[in-house]
Amino acid sequence: MDTKSMMIDIAKKLFQQKGYIGVGLTEILKAGNFSKGSLYHHFPNGKEELLIACLQSMSEGMTNDIEDIFERYPTTKEATAAMINKLIANFESEGTISAYTFSSIISEMALLSDPVRNACSNLYIKMQGIYIKKLIADGISEESAKSIAVMITASIEGAILLCLTQKTSEPFKIILDVLPTLLNYKSKQ
């Protein structure tokens, strides 16, 4: 792994654990044994540019994972259930959902930085695009699919926050029970 990729990987983990404000450049440099010059060589605009690179990396990983799940299941209901079951398994084995959470970063930075807000928005747009595509394949109109995709995204993001704050996977399990009813439409399958 090259230095830039290592910086992104280390910073991504620290940002997810402690949030943007809770992590200083010195901590990132120390964690990876990087020099300040190396950091500014790869990220001339400093910490915020590094954060945006981390968000883009997270976006690629998350959307690839979601696309993989949604391609393996014939309907949105089944794919969503598989995705939530994976989140439950991750939470119950690791006690966190580190690979899927960037909510603390959004709450800290969305109002302070348009580039960070845009990077986060792009991730949600990609996720919703995957859901919309599957919903349309299920026979849902594009307009309804867009609304349902927002609901799925909001439900899962809310459940992530509830699981993390309550230290239980119960919110995911509730969504797993309720989403099929909310997604009660007739598919082409």
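Two residues are in contact when heavy atoms of theirs lie within 4.5 Å. Keep that in mind as you work through these exercises on a predicted model.

**Exercise 1. Where do α1 and α4 touch, and how are they placed?**

Find which residues of α1 meet which residues of α4, then work out how the two helices are oriented.

*Solution.*
- Step 1: On the α1 side, look for Met7, Ile8, Ala11, Lys12, Phe15 and Gln16. Their partners in α4 are Lys47, Leu50, Leu51, Ala53, Cys54, Ser57 and Met58.
- Step 2: Sort these residues by class. The contact of α1 with α4 has 9 nonpolar, 2 polar and 2 charged residues.
- Step 3: Turn to the axes. Helix α1 covers residues 3-18, and its axis comes within 9 Å of the axis of α4, with a crossing angle of roughly 90 degrees.
- Step 4: Name the orientation. Angles of 65 to 115 degrees count as roughly perpendicular, and α1 is therefore roughly perpendicular to α4.

**Exercise 2. How do α4 and α5 cross?**

Describe the pair by angle, axis distance and handedness, and then list the residues in the contact.

*Solution.*
- Step 1: Locate the helices. Helix α4 spans residues 47-72 and helix α5 spans residues 76-94.
- Step 2: Read off the geometry. The two axes come within 8 Å and cross at roughly 135 degrees.
- Step 3: Classify the angle. Over 145 degrees would count as roughly antiparallel, while α4 and α5 are oblique to each other.
- Step 4: Add the handedness, which is right-handed for this crossing.
- Step 5: List the contact. Helix α4 contributes Asp65, Ile66, Ile69 and Phe70, and helix α5 contributes Thr76, Ala79, Thr80, Ala82, Met83 and Lys86. By class, these are 6 nonpolar, 2 polar and 2 charged residues.

**Exercise 3. Is Thr80 buried or exposed?**

Decide from its relative accessibility, and find its neighbours.

*Solution.*
- Step 1: Place the residue. Thr80 belongs to helix α5.
- Step 2: Apply the cut-off. Buried means under 20% relative accessible area, and Thr80, at 1%, is therefore buried.
- Step 3: Look at the surroundings. Leaving aside residues up to four places away in sequence, Thr80 touches Phe70, Ile152, Leu179 and Leu183.
- Step 4: Link back to Exercise 2. Phe70 of α4 and Thr80 of α5 both belong to the contact of those helices.

**Exercise 4. Which charged side chains pair up within a helix?**

Side chains of opposite charge can pair when their charged atoms come close. The protein has 7 salt bridges. Work through three of them, giving the atom distance, the spacing in sequence and the accessibility.

*Solution.*
- Step 1: Start in helix α4. Asp68 and Arg72 form a salt bridge with their closest N and O atoms 3.3 Å apart. The two residues are 4 residues apart, about one turn of the helix. Asp68 is partly exposed at 37%, whereas Arg72 is exposed at 52%.
- Step 2: Move to helix α7, residues 114-137. Asp114 and Arg117 meet in a salt bridge of 3.4 Å, N to O, and they sit 3 residues apart, about one turn. Asp114 is partly exposed at 47%, and Arg117 is partly exposed at 36%.
- Step 3: Finish in helix α8, residues 142-166. Glu142 and Lys146 form a salt bridge of 3.5 Å, N to O, with a spacing of 4 residues, about one turn. Glu142 is partly exposed at 47%, and Lys146 is partly exposed at 44%.

**Exercise 5. Where are Asn33 and Lys167, and what is the sign of their phi?**

Give the backbone angle, the location and the accessibility for each residue.

*Solution.*
- Step 1: Asn33 is not a glycine, although its phi is positive at about 55 degrees. Asn33 lies in the loop between α2 (25-32) and α3 (36-42) and is exposed, with a relative accessible area of 72%.
- Step 2: Lys167 has a positive phi near 55 degrees and is also a residue other than glycine. The loop between α8 and α9 (170-182) holds Lys167, which is exposed at 65%.

**Exercise 6. How many helices and strands does the protein have?**

Count the elements, then describe the protein as a whole.

*Solution.*
- Step 1: The count gives 9 helices and 0 strands.
- Step 2: Buried residues account for 46% of the 189 residues.
- Step 3: Consider contacts between residues at least 6 apart in sequence. Of these, 66% join residues at least 24 apart.

Definitions and conventions. Residues are numbered from 1 along each chain as its sequence is written. This is a predicted model: local features need pLDDT of at least 70, side-chain atom pairs count only at pLDDT 80 or more; totals for chains, interfaces and linings use all residues. Side-chain values use heavy atoms; hydrogens and water are left out. Axes are lines fitted to C-alpha atoms, for helices over the stretch in contact, and angles run from 0 to 180 degrees between N-to-C directions. Angles under 35 degrees count as roughly parallel, over 145 as roughly antiparallel, 65 to 115 as roughly perpendicular and the rest as oblique. A crossing is left-handed if the near helix is turned anticlockwise from the far one by less than a right angle, and right-handed if clockwise. Ala, Val, Leu, Ile, Met, Phe, Trp, Tyr, Cys and Pro count as nonpolar, Asp, Glu, Lys and Arg as charged, and the others, Gly among them, as polar. Buried means under 20% relative accessible area, exposed over 50%, partly exposed in between (1.4 Å probe, protein chains only). A salt bridge is a side-chain nitrogen of Lys or Arg within 4 Å of a carboxyl oxygen of Asp or Glu.
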